[in-house]
Amino acid sequence: MKSITVKAQNGTYDVVIDRGLLSRVGVLLAERLESRHALLVCDDVTARLYSGTVTASLESAGFDIATFVFPHGEANKRWNMVGEILEKAASANLNRSDFFIALGGGVCGDMTGFAAAVYLRGVPFVQIPTTLLAAVDASVGGKTGVDLGTGKNLAGAFHQPACVLFDPDVIATLPVACVDEGKAEIIKHAVLAGGRLYEIALGGTLLDDMEEVVALNVEIKRSYVQADPFDTGCRQLLNFGHTIGHAIEKFSGYTIPHGQAVAMGMVAETKSFIKLYNEKPEILEIIKSLLEKNSIKFDIPYTAQELAQVAIHDKKMASGNLNIIAPLGIGNCQIRSIPVSRLEEYIEGGL
Ligand SMILES: NC(=O)c1ccc[n+]([C@@H]2O[C@H](COP(=O)([O-])OP(=O)(O)OC[C@H]3O[C@@H](n4cnc5c(N)ncnc54)[C@H](O)[C@@H]3O)[C@@H](O)[C@H]2O)c1
Ligand SMILES: [Zn+2]
């Protein structure tokens, strides 16, 4: 078992990582929360696979649990679904000291966290991530929200979880494509932070010791979210690969999944950085080999013009300047600023 404590504005929370933990969720939450009444939110897949174990564990620890199940997928991470979660909480008579539990991937966590942030002006919530991506990224840091018609994650709130409980055994049922989503974000962390995670990634053995790998990722993400809780400074380093990645994802009509797009984005942004700043190209080869060793593809099937037209709408580019990530070396990345007018040139440099 590993336990990592994250400091947040309003206190601290634990990220507990342990194999077989799902059947001990009741005991773990009874130790950490006063209330014995909660709303469990899951999608239809995690409901089928894991809600039975979690509910049984909670009930045997004395919890009274209402459940809300939504159809899986990003298309359902919407405003109206949050409304339904809130109605369910109200009809189950949850009060201000009661809490929400998200049992699922990033879609479930983001949406449940947002519902918890606004229900009765804010109740606690617990993250039980069931995808690799949610375990290494989405469940830590307190960003919650939903998509709008014009783009992803355009409405939301910062709301920190009361705790995060991850059982590595759940990854056994995750489709390979979803595992790859998580791997791409892990490689991003390995580039940003270097160290042990970088060595493991270079060896192509990210899934061999999931407890260790997830813990290393949580520690890396923690270092950014503690230093910059509201994403106005160094936390933006976590956007490495995401500027061009988001454009790829959006231009593909979301047929290229997020992790794959981020992998493509990391390679393209590195290429472009090398061209713009006349840097040495070694880092590009290292990033490519990290992706290759972990079987993540990174060739981009679009032109710079195609991507530039969608990138300009990205929410992060609203102001006159665009923050780009400069990967100077492994464990040595910086934020640089270029005018948005150079966006097309930036993308072109990466293709
Ligand atoms: N809040 C943040 O900081 C943050 C960070 C990164 C990503 N995100 C968000 O996370 C979302 C993506 O998360 P995701 O990739 O987990 O997507 P997801 O929640 O849609 O899960 C992917 C698929 O896997 C299924 N699934 C989940 N757990 C499973 C399991 N153990 N076995 C089998 N199937 C399982 C789900 O039903 C779903 O179909 C995006 O909406 C993204 O915006 C948020
Ligand atoms: Zn991402």
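Two residues are in contact here if their C-beta atoms, placed from the backbone, lie within 7 Å. This is a predicted model, in which local features need pLDDT of at least 70 and side-chain atom pairs count only at pLDDT 80 or more, while totals for chains, interfaces and linings use all residues. Residues are numbered from 1 along each chain as its sequence is written, and chains are lettered from A and ligands numbered from 1 in the order in which they are written. Helices (H or I, at least four residues) and strands (E, at least two) are DSSP runs, numbered from the N terminus.

**Exercise 1. Determine which residues of helix H9 and helix H12 meet, and how the two helices are oriented.**

Step 1: helix H9 covers residues 242-251 and helix H12 residues 304-311, and their axes, which are lines fitted to C-alpha atoms over the stretch in contact, are 8 Å apart. Step 2: the angle, taken between N-to-C directions on a scale from 0 to 180 degrees, is about 95°. Step 3: H9 is therefore roughly perpendicular to H12, a term that applies to angles from 65 to 115 degrees, whereas angles under 35 count as roughly parallel, over 145 as roughly antiparallel and the rest as oblique. Step 4: on the H9 side the contact is made by Thr243, Ile244, Ala247, Ile248, Lys250 and Phe251, which meet Glu306, Leu307, Val310 and Ala311 of H12. Step 5: sorted by class, this contact of H9 with H12 has seven nonpolar, one polar and two charged residues, where Ala, Val, Leu, Ile, Met, Phe, Trp, Tyr, Cys and Pro count as nonpolar, Asp, Glu, Lys and Arg as charged, and the others, Gly among them, as polar.

**Exercise 2. Describe how H10 and H11 pack, and examine Asn278 in the loop between them.**

Step 1: the axes of H10 and H11 come within 9 Å and cross at roughly 170°, which means that H10 is roughly antiparallel to H11. Step 2: Ala263, Met266, Val267, Thr270, Lys271 and Ile274 in H10 meet Ile283, Leu284, Ile287, Lys288 and Leu291 in H11, and these residues divide into eight nonpolar, one polar and two charged. Step 3: Asn278 lies in the loop between helix H10 (258-277) and helix H11 (282-293), and has a positive phi of about 55° although it is not a glycine. Step 4: Asn278 counts as exposed because it has 7 C-beta neighbours inside 10 Å, the limits being 12 or fewer for exposed, 20 or more for buried, and partly exposed in between.

**Exercise 3. Work out the strand order of the open sheet and find the helices that pack on it.**

Step 1: the open sheet has seven strands in the order E1-E2-E9-E6-E5-E3-E4, with mixed pairing, and two strands pair if DSSP finds at least two bridges between them. Step 2: strand E1 (2-8) and strand E4 (64-70) are the edge strands, each pairing on one side only. Step 3: strand E2 (residues 11-17) runs parallel to strand E9 (residues 163-166) and is joined to it by four bridges; in E9, Phe166 is the bridge partner of Ile17. Step 4: H2 lies across strand E3 (37-43), E4, E5 and strand E6 (125-129), running at about 160° to E3, whereas helix H8 (residues 210-227) touches E1, E2 and E9, its direction making about 10° with that of E1.
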